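Student: Could you take me through one part of this model up close? I'd like to start with a patch on the surface and then see how the charged side chains pair up.

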Amino acid sequence: MEPGTSTVVSGGSQPAGHEVSRLKPNVIGLLGVVFMAVATAAPITAMTGNVPFMMSSGSGIGTPAAFLIAMVVLAIFSVGFTTMSKHITATGAFYGFISFGLGRTAGLAAGLLAAFAYMVFEPSLIGIFSSFAHNTISDQLGIDVPWWLFAILMLVINGLGTWFGVAVAERLLVALLATEVTVLFIMAVSVLFHGGGPEGISLAPINPVNAFHGASAGLGLFFAFWSWVGFESTAMYGEESKDPKRIIPRATMIAVLGVGVFYLFVSWMAISGSGEDKALEYAGSANPMDVFFAPTETYVGHWAVSTMQWLMITGSLACGMAFHNCAARYLYALGREGVVPALQRTIGRTHPKNGSPHIAGLVQTGVAAVLVLAFALAGKDPYAGLYTLLAVLGTMAILVVQAVTSFAVMNYFRHNHPESRHWFKTFLAPLIGGVAMLGVVLLLVVNMDTAAGTEAGSLVLKATPWLVAAVALAGLGYATYLKKTDPSRYALLGRTVLEETHER
């Protein structure tokens, strides 16, 4: 076995020893994987971007409780997900899991859908980053910089981060993530130490019953789940981690529970700091971010509000960078198997020195640039148009893949590894998780127009379910074609795992 290669394991139908390019191993530890996953959730963006809207149009004062419900559901989903990650380590993550659990045809469909989701998430985050940067620099420095210049800056930063390897991206994300989490945490702790605002600290916001008493409980719950998108990216870094069988399951649970507790605490304290009625008033005002800015100003100081505005920029940058890494690794995972021979020689290659998916990263940068340019030429606002529309599209795609993954876990353990088979871990937990994910997809479809805000009439929004279906059908169709015309290539679908960490 040559350095820099990995082995295909295909359950016996394909001879072992098929060598492909591999990512650089042993370069990221537990905390690094956790930071990469949490960065995709973008805590400060989830809080300042989602909470005010959830309060005004979704779960109302029960918004923190909506986060509690989502955390419990995602933790249950993660039980099956992490159990499977102890047996299969591959950069394709969902692609590999579904291929082993439900077959290669379903695997390729899910792999394309997951890659599609992460590919549109990056330009989506470029939109919100550009909006935050434009507004903050205009408000605080009095300089009017076109938003598209910030978009170009983020494209360059993301591309360079992936080119030089996951270790470089990890260091950047740790710095950015630590600062954004700190300023929100300072606000929340200050409110707690002051005993809350004029009404004290009420337990009503964390009462699960109140999550269903707002304007639209379905919309509130959807946005709560949306705030976690990307936590599952832990599995993508298995090949590059130091001990994937141990690190990936732990990192996933830490990301789910850690982010959940943080969301719950920060949103609860933000409401308590102003009082329930005043917080709802802020959420529905022309300046909805006052839900966080007002208690921060009162209990910490104006400096913290100014800092928070800058950290909203760096937080969205961190999130976009993390999604760029996810997209590049999915493209790489699909390319290196040689399903289309030309892809194995291009996006399926790694950098000879950095061991990074450098060509896949460049392809992703190109795709993101084209999408950003298209929205700019169409005159779309970077926040209301680029961010919102592509976030809805990507979220629908990734939720479908998560649901299918749950059922793949159930089927995989029904036929494999009796020593790991468990009534809860490999049956009930993934069943609950899968059904819940399908429920969230339904919530999105029902509330899609409201979630899109001013872009409710957009053709992109109307096409969203059809685009998701088209990508999935393309994967099913091509896999079926390969099965009939080229069985040897079909046998490789979703089966590339590391020799030293192969399915066991």
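Tutor: Sure, and keep in mind that this is a predicted model. Start with W148, L149, I152, V156 and L160, which together make a nonpolar surface patch of about 470 Å². Take L149 from that group: it sits in helix α6, residues 147-163, and with 40% relative accessibility it counts as partly exposed.

Now for the charges. The count of salt bridges comes to three. One of them joins K380 and E455, whose side chains meet at 2.9 Å, N to O. K380 is in the loop between α14 (358-377) and α15 (382-415), while E455 is in the loop between α16 and α17, so this pair ties together parts that are 75 residues apart in sequence. K380 is partly exposed at 25% relative accessible area, whereas E455 is buried at 11%.

Stay around K380 for a moment. Setting aside neighbours within four places in sequence, S458 is in contact with K380 and L389. S458 belongs to the loop between α16 (424-452) and α17 (459-485), and it counts as buried because its relative accessibility is 6%, under the 20% cut-off. A polar atom of the S458 side chain also lies 3.1 Å from the backbone nitrogen of V460.

Another salt bridge links K278 to E281, with the closest N and O atoms 3.3 Å apart. These two are three residues apart in helix α10 (residues 276-283), so about one helical turn separates them. K278 is partly exposed at 34%, and E281 is partly exposed at 48%.

Finally, the side chains of D486 and R489 meet in a salt bridge at 3.4 Å, N to O. D486 is partly exposed at 24%, as is R489 at 25%.

Notes
Residues are numbered from 1 along each chain as its sequence is written. This is a predicted model: local features need pLDDT of at least 70, side-chain atom pairs count only at pLDDT 80 or more; totals for chains, interfaces and linings use all residues. Side-chain values use heavy atoms; hydrogens and water are left out. Helices (H or I, at least four residues) and strands (E, at least two) are DSSP runs, numbered from the N terminus. Buried means under 20% relative accessible area, exposed over 50%, partly exposed in between (1.4 Å probe, protein chains only). A polar contact is a pair of N or O atoms within 3.5 Å; within protein, one must be able to donate a hydrogen and the other to accept it, and residues adjacent in sequence count only if both atoms are side-chain atoms. Contact means heavy atoms within 4.5 Å. Patches are made of residues with over 30% relative accessible area and no salt bridge: like charges are joined within 9 Å, nonpolar side chains (Val, Leu, Ile, Met, Phe, Trp, Tyr) within 5 Å. Accessible areas come from the Shrake-Rupley method with a 1.4 Å probe; for residues, only the protein chains shown count as cover. A salt bridge is a side-chain nitrogen of Lys or Arg within 4 Å of a carboxyl oxygen of Asp or Glu.
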